[in-house]
Structure formats: structure tokens, C-alpha cells
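Please open the structure in a viewer and keep the selection panel at hand. The tour proceeds from one selection to the next and states what is to be found at each stop.

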Amino acid sequence: MPHKSAVRTDYPRIITAPPGPKARKIIELDREFSSPSYIKEYPLVVAGGRGAMLEDVDGNRYIDWMAGIAVSATGYNHPKVVAAIQEAAGKFLHICGTDFYYEAMARLCQRLAETAPGRGKHRVFLTNSGTEAVEGAVKLARSHTKRQHLIAFEGAFHGRSYAGMTLTCSKVKYRAGFGPLLPEVSHLPYDNPYRGGDPMAAARRLFETRVSPKEVAAVFMEPIQGEGGYIMPSQSFVKAWRDICDEFGILLVFDEIQSGMGRTGKLWACEHFGIEPDVLLTAKGLGSGLPIGAIVAKEKAMTWGQGTHGTTFGGNPVCCAAALATLDLVENELCANAARMGQRLKAGLLELQRRHPCIGDVRGVGLMLGVEFVKDPSDKEPDTDLVAKLEQLAFRKGLLLLSCGRAVIRVAPPLVLTEHDIDAGLAILDESLTELGR
Ligand SMILES: Cc1ncc(COP(=O)(O)O)c(C=O)c1O
């Protein structure tokens with residue numbers, strides 16, 4: 001259930017065609033001095049938010065179906081999260097958790113260790129970001145197994161550091177020009193039930209011809225792929241990799257940075273498959289927007305020695321307070337809300353699919369739903385142009401969307417989403433597709 005004061009319906013509201021005059025000034029300033037590498041999907045200039053609503057500097061209000069890329073799990077300023085942050089900030093802003101102790105860090109490690117899927121004891125290393133969690137997991141896997149080779153999947157996104165970028169295989173622009181990348185990394189096909197194929201054939205070939213499975217340190221898998229197109233693989237695919245890892249002593253690392261923290265209606269996405277990882281990575285929603293992530297590993301896998309790995313800011317006390325408050329909300333109410341609202345939203349999207357044949361596939365679970373657009377449902381050719389136009393048009397009508405994959409809208413709203421946010425958003429999507437002649 002969203003917190004009571006958030007159940008309001010005074011949005012979407014477009015009073016000035018965006019970007020309005022105040023937004024244009026800020027965009028101009030930003031463009032003058034910020035790095036040209038930033039993407040900026042559309043000219044949204046945020047002034048504030050509430051629940052799953054964002055307001056821009058010119059007073060326009062939008063329904064948010066993207067949560068700042070699947071981050072704002074509890075909405076934009078949940079009173080319980082804000083109170084926890086304020087209380088922690090009033091005590092001390094920082095002490096390095098790598099070198100000293102404080103209660104919030106100890107409690108968050110305990111909490112994450114105890115919620116980790118799977119039997120046995122777990123241990124936790126706190127980070128600043130998802131990428132830092134991936135980077136640390138690569139180090140952990142190599143030092144624990146004393147092997148070098150890593151396997152990741154086509155379509156994967158694991159971050160932008162050298163290890164993260166090397167494991168990433170979703171868009172060539174993330175890698176081009178930055179080499180040499182990390183050695184000893186293989187990419188294999190991910191299971192895509194909409195497009196079919198045998199994703200394990202290439203794995204068999206890899207092990208027969210190029211890499212001995214006995215030399216593989218870890219398999220990095222998003223149990224539901226994010227940036228690659230919000231793809232939910234089959235249970236048999238995830239299980240096949242668990243079995244290979246068990247047989248050859250390989251660590252199975254689940255990157256749940258986008259899919260975890262209640263987004264799918266269960267705390268961890270891998271619970272949908274009944275498969276446990278050896279190492280689980282989380283970030284994004286964990287701090288409701290404050291920068292925090294974690295490596296959650298089985299105790300028997302977290303064998304690196306004292307002082308071998310550390311971080312200055314990871315597990316900062318204010319971020320830990322935000323994460324503890326977020327976990328309370330997610331476990332007590334938002335997971336259930338994500339499951340319930342996810343059903344309503346998916347049913348609405350499937351209904352739209354019946355009227356708009358350009359929607360080739362509606363997939364996913366909870367509030368991690370992918371809508372794939374195609375030129376023609378019979379040959380499934382991705383309609384990239386349509387998705388780009390749809391994103392811009394929906395924005396101008398008051399609905400915030402974000403694409404992924406080749407032609408997919410990733411629906412990843414805050415977990416406080418209400419029925420109003422769903423119904424009004426679906427109406428804008430419907431109207432936009434009709435206006436685009438699709
Ligand atoms: C699955 C996954 N892994 C890793 C990352 C990198 O996380 P961050 O941007 O916090 O460094 C992302 C970010 O989008 C992600 O979706």
C-alpha cells in the first residue's frame with residue numbers, strides 16, 4: 001500500500017508544453033558545462049516528486065513509469081525514508097566503514113545476509129553503486145576460485161568500470177574505443193522466450209572447443225535481464241547454469257541490481273525460479289535513491305582476506321539508514337503492492353496489445369515489465385523508431401517512459417504505484433500509439 005497521503009490524482013498535468021521557460025534555462029546551463037557523454041532521454045527538468053509523480057520546474061506533473069531507471073523504490077520522498085536519513089545525518093555524515101564500526105552498517109549487513117535467498121550463512125560487503133558491487137564480485141570470484149575466466153551473457157548490462165564494461169554486452173557504444181578490456185571473458189546467448197532458439201548450444205560449444213569449465217571463476221547472470229530488453233528467461237535456462245556451476249565449482253553470481261529489492265513482487269527476482277546464487281548483487285532500489293549497493297555472498301565463498309578489498313564511501317551511515325528504512329517498507333508493504341499493481345498493469349498492457357499490433361510482446365513480473373514493439377508481429381522486426389517517438393510523445397502528454405533493448409519500453413515505476421498511476425498511464429500510452437498511427 002502506498003503511504004496514505006500519496007493517494008492523490010492531481011496529475012498528470014501539463015500546463016506549459018515541456019520544456020517550459022524555466023526548464024529551458026537549466027538545460028542551456030547544463031549543456032554548457034556538463035560532460036557530453038550524458039544521454040538525457042527527454043527534456044525533463046525535475047523540481048520535486050511525490051509517490052510515483054514527478055513535477056518539473058515549470059509546474060508540469062508526470063506519471064513516473066521509470067523511477068530514475070528502476071531506483072526510486074519507495075517513491076521520491078517517502079516520509080519514513082526521509083525521517084531515517086534526517087536522523088542519521090543529524091548524528092554523523094561519515095566514518096569509513098572499512099576501518100571502523102557503526103550500528104547501521106552492522107545492522108544492514110545482518111539484514112541483507114538474513115534475507116539472502118538460499119540456505120547457510122551469508123556475509124555482506126557494502127558498496128557505493130551497482131558497478132562497484134560487480135567490480136568487487138569479479139575480484140572475489142577470482143581470488144576465491146583462483147581461476148580467471150568469466151562468463152556473462154549477450155544483452156547483459158553490468159556497469160561502466162573496466163570489469164563492468166567488459167561483462168556488459170548490450171550496446172557496442174558502451175565498449176567501443178575504450179579497449180583493451182579485461183581478458184578472459186566470454187559472452188553466451190541469454191534465453192529469450194519471445195524470440196526462441198537454443199541458448200545452451202553455444203555454451204556446449206564454448207566448453208568443448210575454447211574454455212574448460214574447470215577454468216571458469218564465475219558466471220554473471222541477471223536473473224531477469226534489464227538494459228538488454230526486460231527479458232525473463234525460462235526456469236530451465238537458469239537451472240541449467242546452476243547445474244553447470246555446481247558440477248565445475250564455478251560461482252553463480254546473480255546481478256539483481258535492477259531486478260531485486262521487491263521490484264518483481266518478491267524481494268529477490270531469483271525467487272521466481274527457485275534457484276539460489278552463490279553471490280547476489282544489489283544496488284539501485286536499495287537506498288531509495290541514495291547511493292548504496294551490496295555484495296551478498298555465501299560465507300563459504302567470501303574468503304578474501306582482511307584488507308584485500310575496501311571502500312571509502314561504501315556503506316556510508318546515511319545511506320545505510322536509507323537502506324534499512326527502504327527494506328522495512330519493501331518487506332512490509334511494497335513487495336505485495338508491486339505484485340498486485342504488476343498484475344493490473346500487465347493485464348492493461350495485454351489489453352493494449354490486442355488493439356495495437358505493433359506491441360509484439362508484453363512480458364515480466366511485478367513492476368518489471370517489458371513491452372516490445374515490432375514493425376510486424378509476424379516477423380518480429382524491432383521498431384526502434386516507434387519507441388523513440390513514443391517516449392517523446394508520452395513525455396509531452398505527462399507519462400515518463402524509458403526504453404531498453406532494441407525496441408522495448410521498460411516499465412519500472414516506483415513500487416508505491418497506485419491504480420490511478422496505472423490507469424492514467426495506460427490511457428496516455430493508448431492515445432499516443434493511436435496518434436502515431438500504430
Ligand atoms: C543489472 C545492472 N547491473 C549493474 C548496473 C550498474 O549499476 P550502477 O549504475 O549503480 O553503477 C546496472 C545499472 O543500470 C544494472 O542495471
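## Where the two domains meet

Between the two domains, 29 residues of domain 1 are in contact with 24 residues of domain 2. The model is a predicted one. To see the partners separately, colour residues 4-77 together with 334-435 as domain 1, and residues 95-315 as domain 2. The C-alpha centres of domain 1 and domain 2 are 27 Å apart.

Next, display the side of domain 1 that touches domain 2. At least two residues of this side come from each of α2 (67-70), α9, β11, β12 and β15. The greatest contribution to this side of domain 1 is that of α9, with 5 residues. Colouring the side of domain 1 that touches domain 2 by residue class gives 15 nonpolar, 8 polar and 6 charged residues.

## The four-stranded sheet

Select β11, β12, β15 and β14, in that order: these 4 strands make an open sheet with antiparallel pairing. At its edges stand β11 (359-365) and β14 (403-404); each has a single partner strand, so one side of each lacks a neighbour in the sheet.

Begin with the pair β11 and β12. They run antiparallel and are joined by 6 bridges; within this pair, Gly364 stands opposite Leu369 of β12. The two strands form a hairpin with 2 residues between them, and Gly366 in the turn has a positive phi of about 60 degrees.

Continue from β12 to β15. Strand β12 (residues 368-373) pairs with strand β15 (residues 408-411) in the antiparallel sense over 4 bridges. Two bridge partners may be labelled here: Leu369 with Val411 of β15, and Glu372 with Val408 of β15.

Is β12 covered on one face or on both? Side chains in a regular strand alternate between the two faces of the sheet. In β12, Met368, Gly370 and Glu372 lie on one side and Leu369, Val371 and Phe373 on the other, and all are buried, so that both faces are covered. The count for the strand is 6 buried residues of 6.

Now add helix α9 (residues 317-355) to the selection. Helix α9 lies across β11, β12 and β15 and runs at about 170 degrees to β11.

## The seven-stranded sheet

Turn next to the second sheet and select its strands in the order β4-β10-β9-β8-β7-β5-β6. These 7 strands form an open sheet with mixed pairing. The edge strands are β4 (122-127) and β6 (185-188); each has a single partner strand, so one side of each is left without a neighbour in the sheet. From one strand to the next, the twist averages 20 degrees.

Helix α4 (residues 103-115) packs on this sheet, touching β4 and β10 (293-298), and its direction makes about 125 degrees with that of β4.

Focus on β4 itself. Strand β4 pairs with β10 in the antiparallel sense over 6 bridges, and His122 stands opposite Lys298 in β10. Of the 6 residues of β4, 5 are buried, and the strand is mostly covered.

For a parallel pair in this mixed sheet, select strand β5 (residues 149-153) and strand β7 (residues 216-221), which are joined by 3 bridges. In this pair, His149 has Val216 of β7 as its bridge partner.

## The surroundings of the ligand

Which residues come nearest to the ligand? Of the 15 residues around the ligand, the nearest are Ser129, Gly130, Thr131, Ile257 and Gln258. Helix α5 (residues 130-145) gives the most to this shell, with 3 residues. By class, the shell around the ligand consists of 5 nonpolar, 7 polar and 3 charged residues.

## A last stop at Ile63

Finally, centre the view on Ile63, which belongs to strand β3 (residues 61-64). Is Ile63 buried or exposed? With 28 other C-beta atoms within 10 Å, Ile63 is buried.

Leaving aside residues up to four places away in sequence, Ile63 touches Tyr11, Pro12, Ala52, Met53, Gly398, Leu399, Leu400, Asp421, Ala424 and Gly425. A distance may also be drawn from Ile63 to Phe395: their C-alpha atoms are separated by 9.2 Å, although the two residues are 332 residues apart along the chain.

Key:
Residues numbered from 1 in each chain as written. Predicted model: local features only at pLDDT ≥ 70, side-chain atom pairs only at ≥ 80, totals over all residues. Near = placed C-beta within 6 Å. Nonpolar A, V, L, I, M, F, W, Y, C, P; charged D, E, K, R; others polar. Pairing = 2+ DSSP bridges. Axes fitted to C-alpha atoms, helices over the stretch in contact; angles between N-to-C directions. Contact = placed C-beta atoms within 7 Å. Buried ≥ 20, exposed ≤ 12 C-beta atoms within 10 Å, placed from the backbone. Domains from an automatic or database assignment.
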